[in-house]
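Here are a few exercises to work through with the model open beside you. Try each task yourself before reading its solution.

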Amino acid sequence: MSEHKAGFVNIVGNPNVGKSTLMNALIGEKLSIITSKAQTTRHRIFGIVNGDDFQVVFSDTPGIIKPAYELQSSMMDFVKSAFEDADVLIYMVEIGEKDLKDEAFFAKITNSKVPVLLLLNKIDVSSQEVLEQQVQLWKDKVPNAEIYPISALQNFNVDTVFNRILELLPESPAFYPKDQITDKPERFFVNETIREKILINYSKEIPYAVEVETEEFLEDENIIRIRSVIMVERDTQKGIIIGHKGSALKRVGIQARKDLEKFFGKQVHIEIFVKVNKNWRSDQRQLKRFGYNQ
Ligand code: GDP
Ligand code: K
Ligand code: MG
């Protein structure tokens, strides 16, 4: 009789190396939003893969940065927590990357008591020669890690990594019901989808000044009705989000609706409003309300 295995596999690394892309590839669902911009991921998000005799609880986390304001400090608290409860640590780096800028976090990886899988990502844009150099470089830097070259985007070697994770998982009963695939409520995915469209459609500081809150999520048999609020820090930002005659906000709404219809497998009706909420990024109480303080 085979034993049941379960555990936490936490993905950490620099911004933009492909952590969220990997998480989605492992789960087979778009749980985490992905853009080419740093700080796309602000939360710790569980993605759960269930089998008859295993349950793997993956955690996607924000990229490691030196925090400059309260929101970013909370983001780094999520990363810290991911170091604390891992059964297997995934340290993701990309081809051509030099170092993890934060030495304290890097030391947590090299001194890790749990197995470390170092995933060298984006090998689809690398030559064989560069890849071999990089593998050697990381072997020297993180001697305690097993190194796997992968392409999260093209799903190359992701199954090899998954099978190795299953070998490394401790024997344990499941932590979550076997039909659950995440720890986050539906509204969270609405907020994140809208935020992804903001990251894609607006430049400079706008996406970083934005938080999204979904005030209404009403699910009928055939349709989901959603009302969400985009919060910005200043009046000028509100104007930019809305755009000429509302055209920019309308585009965000259309793009978000398409993704949400795919995600929920149902027709979606969405209304989006914009509000100014001064300095929410630096306000502990606001951050707590938005789910940042653990
Ligand atoms: P994160 O910030 O570490 O979560 O990174 P994301 O998953 O958001 O990805 C950042 C950018 O890298 C996005 O534009 C992805 O499409 C891209 N990316 C992720 N994985 C790969 C990969 O394997 N190959 C290539 N070429 N690009 C990738
Ligand atoms: K990103
Ligand atoms: Mg991410």
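## Exercise 1: The shell around the ligand

The residues of the shell around ligand 1 divide into 6 nonpolar, 11 polar and 3 charged. Keep in mind that this is a predicted model. The mean pLDDT of the protein is 95, with 99% of its residues at 70 or more, and the predictor gives the complex an ipTM of 0.99 and a pTM of 0.96.

**Task.** Which residues come nearest to ligand 1, and which helix gives the most to the shell?

**Solution.**
1. Begin with the 20 residues around the ligand, where Gly18, Lys19, Ser20, Thr21 and Leu153 come nearest.
2. Then look at the helices: α1, residues 19–27, gives the most to the shell, with 3 residues.

## Exercise 2: The six-stranded sheet

**Task.** Find the order of the strands in the open sheet of 6 strands, and work out which strands stand at the edges.

**Solution.**
1. Trace the sheet from one side to the other, which gives β2-β3-β1-β4-β5-β6 with mixed pairing.
2. The edges are held by β2 (45–51) and β6 (145–149); each has a single partner strand, so one side of each is left without a neighbour in the sheet.
3. For the twist, neighbouring strands of this sheet are turned by 25 degrees against each other on average, direction ignored.
4. Now zoom in on β2 and β3 (residues 54–60), which pair in the antiparallel sense over 7 bridges. A hairpin through 2 residues joins β2 to β3.
5. Check the register with two pairs: Phe46 has Ser59 in β3 as its bridge partner, and Asn50 stands opposite Gln55 in β3.

**Task.** Which strands does helix α5 lie across?

**Solution.**
1. Locate α5 at residues 158–168.
2. Follow the helix over the sheet: α5 lies across β1 (5–13), β3, β4 (88–94), β5 (116–121) and β6.
3. Compare directions with β5, to which α5 runs at about 175 degrees.

## Exercise 3: The three-stranded sheet

**Task.** Where does UniProt place the feature "domain: KH type-2", and how far apart are the end C-alpha atoms of that span?

**Solution.**
1. The unreviewed UniProt entry places this feature at residues 194–278.
2. The end C-alpha atoms of residues 194–278 lie 20 Å apart, and the span is 40% helix and 34% strand.

**Task.** Describe the open sheet of 3 strands and explain why β7 and β9 each have one side without a neighbour.

**Solution.**
1. Read the order as β7-β8-β9, with mixed pairing.
2. Both β7 (211–219) and β9 (267–276) stand at the edges with a single partner strand each, so one side of each is left without a neighbour in the sheet.
3. From one strand to the next, the twist averages 15 degrees.
4. Look at the pair β7 and β8 (residues 223–232): the two strands run antiparallel over 8 bridges, and a hairpin of 3 residues joins β7 to β8.
5. Confirm the register: Val212 has Ile230 in β8 as its bridge partner, while Thr214 stands opposite Ser228 in β8.

**Task.** How do helices α6 and α7 lie relative to this sheet?

**Solution.**
1. Helix α6 (residues 186–201) lies across β7, β8 and β9, and runs at about 130 degrees to β7.
2. Helix α7 (residues 235–242) packs on the sheet and touches β8 and β9; the direction of α7 makes about 155 degrees with that of β9.

Notes:
Residues numbered from 1 in each chain as written. Chains lettered and ligands numbered in written order. Predicted model: local features only at pLDDT ≥ 70, side-chain atom pairs only at ≥ 80, totals over all residues. Near = placed C-beta within 6 Å. Helix = DSSP H or I, 4+ residues; strand = E, 2+ residues; numbered from the N terminus. Nonpolar A, V, L, I, M, F, W, Y, C, P; charged D, E, K, R; others polar. UniProt positions renumbered as here; feature names shortened; annotations may be inferred. Pairing = 2+ DSSP bridges. Axes fitted to C-alpha atoms, helices over the stretch in contact; angles between N-to-C directions. Contact = placed C-beta atoms within 7 Å. pLDDT = per-residue confidence, 0-100.
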